[in-house]
Each structure stands twice: as C-alpha cells, then as structure tokens.
Amino acid sequence: MTVAAVLGVDIGTSSSKGVLVDLSGRVLRSRVREHRVDRPRPGWVEMDGRVWWEEFVALTRELLAPGDAHVVAVGASGMGPCVLLTDAAGTPLRPAVLYGVDTRSTPQIARLTERFGADEILRRCGSTLSTQAAGAKVAWVADAEPELFARARQLFMPSSWLVWQLTGRYLLDQHSASQCTPLYDSAAQTWYRPWADEIAPGLELPELRWPGDVAGTVTAGAAATTGLPPGTPVVTGTIDAWSEAVSVGAQGVGDLMLMYGTTMFLVHTVPHPLTSPSLWGTVGALPGTRNLAGGMATSGAITGWLRELFDAADYPELLRLAERSGPGARGLLMLPFFAGERTPILDPDARGVIAGLTLSHGRGDIYRAALEATGLAVRHNIETIEAAGGDIRRVVAVGGGTRGDLWTQIVSDVTGRAQHIPSVTIGASYGAAFLAAGAVQRVDIHRWNPVREVREPCPALAADYAELYGLYRQLYAGSKSVAHALAARQTRFATPPQPGTDEPVEEVNP
C-alpha cells in the first residue's frame, strides 16, 4: 500500500537535506548529502550551482527507492540570498556567489550606497546595503567579469534553480527578492526597475510569486531524471531560514525564530514594516507578513572547524568536555567573527578572537567559549531588534544545533529567553514539505509540529553572563582596528589553510 506524501529538499551551506512527509506531518524518511563550499580567496564563498540539482536528484531517488510512497507535491528551499547567473538557456556562467558570508562586494556596496543614498535605500528596500545584499553581488560580477556578465540573462537562487530544473518556470519568491537589495522595492513588492536597469542591464529578472504558490508541475524530462511522477505540483519555495521559520510555526506577530545551523539566523515577525541600519527588513514567507531579521556569519561553522582542528571523534565528546568546563569557559571569551560578521555590526573585516587563553585551558574550554560566543551574538541581535521597535514575545528554536541540550541551554542562559523547541527540528526541508502540502490540502503547522519542550534560562547565571556580555562588546570595540589590519594582510593569500594542517598558503601579489 502506497502512502500519499510530499517531498521537501533544502540546499544548505554544508549539506543538502531531503525529507519525505505524509500529509499529517509524519516524517517517513530523511536523507542528507554533505558538501563543501569553495573559498578560492579570503572573503569569497562560492558553489557550483549544478551540484544543487545533482544532489536534489540523488536525494529524491534515495527517498523514493522503497516505493511505498506516492509524491503528490514538491517543495524546495536553500541558502540565500545567492547569485547564480546563467545565459538565456539556463546554463550557469560561473559558480554561485553565496549569501552574506561572501564579502567580496564591499566596493560595490560603498559605490551603490553613495550613488543612491543610504537613507533612500533603507526606505525603499527595507535594508541598507551589506554583504547580504544580492544586488551588490550582481554588481560585483558586472564590474569584475564584464564579458561574462554581458552573456548573463537569468538570476537564480538554490530554490528557484530547483524549480527551474523541475518545471522549466523562471520564478523567484517574494521573500528572496526582498533580499536582492537594491533591486527590489519592499513597499511595492516588485522589482525596482530604475535601479535594477542601472545595476544589471540585460538581466531578465524572474517573475515573482509567494513561497507556497504552485510554480508549475514536474516535466516529463525532470520526471525521468528524478523518479517523481510527471505533472506533480511544485511550489515556489524560499530561502532556508524562512523555510525553517515556516517549519516550526514561527509566523505569528511577536515570534522570533532562532536557526541553529552553519550560521545562526534570527527571523522576527512584526505587525508592520520595521527598518534598522543594522538589520534586514524583509517581506515574510507568507503573504501579508513582514520580518525584521538578522544573521551571524558563523555558528555551527565554528564548532565544525574546532572539531576538525581537535581531530575529535564526534560532537558528543566535545559537548561533554564543554559541559565540564562550565559557565564562562574558565575565563575564556570568544568573538565568533571567523568569516567577518553580519548583523548587527555588519563588519566583513571583523575577525575571530579567543581572549584569556592560558596553558591550563583545554579543548572543552575553547568549545564552550564558542557556544557561549554564539549566545552573546544572539543577545546582541535581540537587543538590536528590540531597539528598532521589535516586540519579541516567543522564541522558537530549530535546526541541527537543537539536537543536544547544552547549546540551546547556553543561549537561553546568555539571553535570558526561554526557547520553544518543536517536535520536529529538521528545519528547512520540513518547511518546504509543509509548503508543498498546502498545494494539495489545508494544513496546520501547529498540528504537524507541536512544541516538544521549553528550554528555560537559569536565573542564577544571569549576572555572570551579563558581565561576560559587557566584556564581549568591549572586546570587539577594542580589537576592531587590529582585526581590520589583519584582514587587509589576509587578502594577500589566495586560499586559506585547511583546518588541521600546517601547510603554507600560496601568496599572490606579495
């Protein structure tokens, strides 16, 4: 007997995830394909967009292999905002430039901000220009690779690239478009042609839909490649963090979603558009919703880096050592800016710092300091959201980092905020599946994914973490000029050293 199911696939920074879910929200199967992004130079983070489709196909075939489920709708999400440029036939012209962790567009940000005015960009687009802005990344390609850009006709992100491959429809969701600053008018919810035509002449911007809208149906060719039934509805999809928010029902006014992943992301739902020069004001994933959002450049990326550096067998071992270290990591303090930083400091030249090291510190102390650093950065973002007019009434946690108790407990202790943890924390792929289910029947995410537990902060730690937070803010201010000088020196190197090796990197233009 076959079961009616929906397929959700998410293309993430470190892996692609697929999930098969029945129409009641029960997860039938899930699969993961790990991958690495390319970092050809400091500040550059790229990925071959063709891999996104290859991994989608592989995941889909694995999930469908038992033959006990009939897919009735498909959803997709992915990291973003990214810039994958193709020719008119949809052939990629270069690797995709990834979201705010890629900082190469700093010169274009400065030029476009001077050209259009910071206040006018913020008013029209909802966000100032930062390394998160896809429009600035398009401008970088136009400036740095003009011959290639002259052939560019289409702009894709991971979710829209999968939709293109499945249906042949060239679409982008409204939320993703709202992160294409300054190409998109947030108030009018449409492309802003005067700026788009100046920045990206010749680029045919995609038709805009909402994430849950049906984009089209699986073509015969895509069906033969993937094993999906031809004619299956495919929804438009969106950026992973917003799909994560959908997956846990963090769409009500006052909700704040914390996404524990390779990066940490925060999405706060507001009753009306709010703007802040230190955050991103965006259109929401659902029609009529608005968000004030923030994101760190690293979080899980640091824990993965430390795991490789320490040559540890598994994360549970490091978590046990970190728990033994105790609150405050025995006097260590880390700045988690190992790939620059996004909100709220918007500083691509910020760098990681571990302060207070002595010969008595061990792996558990450093790992604990990394977990606490993410909590301190979350606290900074929360304070900035509230200073901009946000009203956080409920915090919902999601993502791979919620699977253990320690990390979420540290974040609750540092911020003083309880976190609601749902039954299913798979995240974006589950949200994509939920949006797909909405294309074939009425669904309720709170029935699909009820809250499993609430992580409460420990009041006894509030004063200690308040002191540590003050030191965290001082450490960034005091080390900023040194970090920027070191970032300038790092531009001489073509590729960063691999974790756990002592091999020198190749110098260019010494």
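Which residue in strand 3 is the bridge partner of Leu 20? Select Leu 20 and Arg 29 together: Arg 29 is that partner. Before moving on, note that this is a predicted model, where local features need pLDDT of at least 70, side-chain atom pairs count only at pLDDT 80 or more, and totals for chains, interfaces and linings use all residues. Residues are numbered from 1 along each chain as its sequence is written, and side-chain values use heavy atoms, leaving out hydrogens and water.

Now select strand 2, residues 15–22 (strands are DSSP runs of E, at least two residues, numbered from the N terminus). Seven of its eight residues are buried (under 20% relative accessible area, 1.4 Å probe, protein chains only), so strand 2 is largely enclosed by the rest of the structure.

Add strand 3, residues 27–34: strands 2 and 3 pair in the antiparallel sense over seven bridges (pairing takes at least two bridges found by DSSP). Four residues lie between the strands of this hairpin, where Gly 25 takes a positive phi near 100°.

Next, show strand 1, residues 3–11, which runs antiparallel to strand 2 and is joined to it by seven bridges. Three residues separate strands 1 and 2 in their hairpin. Look also for Ile 11, whose bridge partner in strand 2 is Ser 16.

Last stop: select Arg 94, in the loop between strand 6 (84–86) and strand 7 (96–97). Is Arg 94 buried or exposed? Arg 94 is buried, with a relative accessible area of 12%. Its side chain makes polar contacts (N or O atoms within 3.5 Å, one able to donate a hydrogen and the other to accept it; residues adjacent in sequence count only if both atoms are side-chain atoms) with the side chains of Glu 46 (3.2 Å) and Glu 145 (2.7 Å).

Notes:
Buried < 20%, exposed > 50% of the residue type's maximum accessible area, 1.4 Å probe, protein only.
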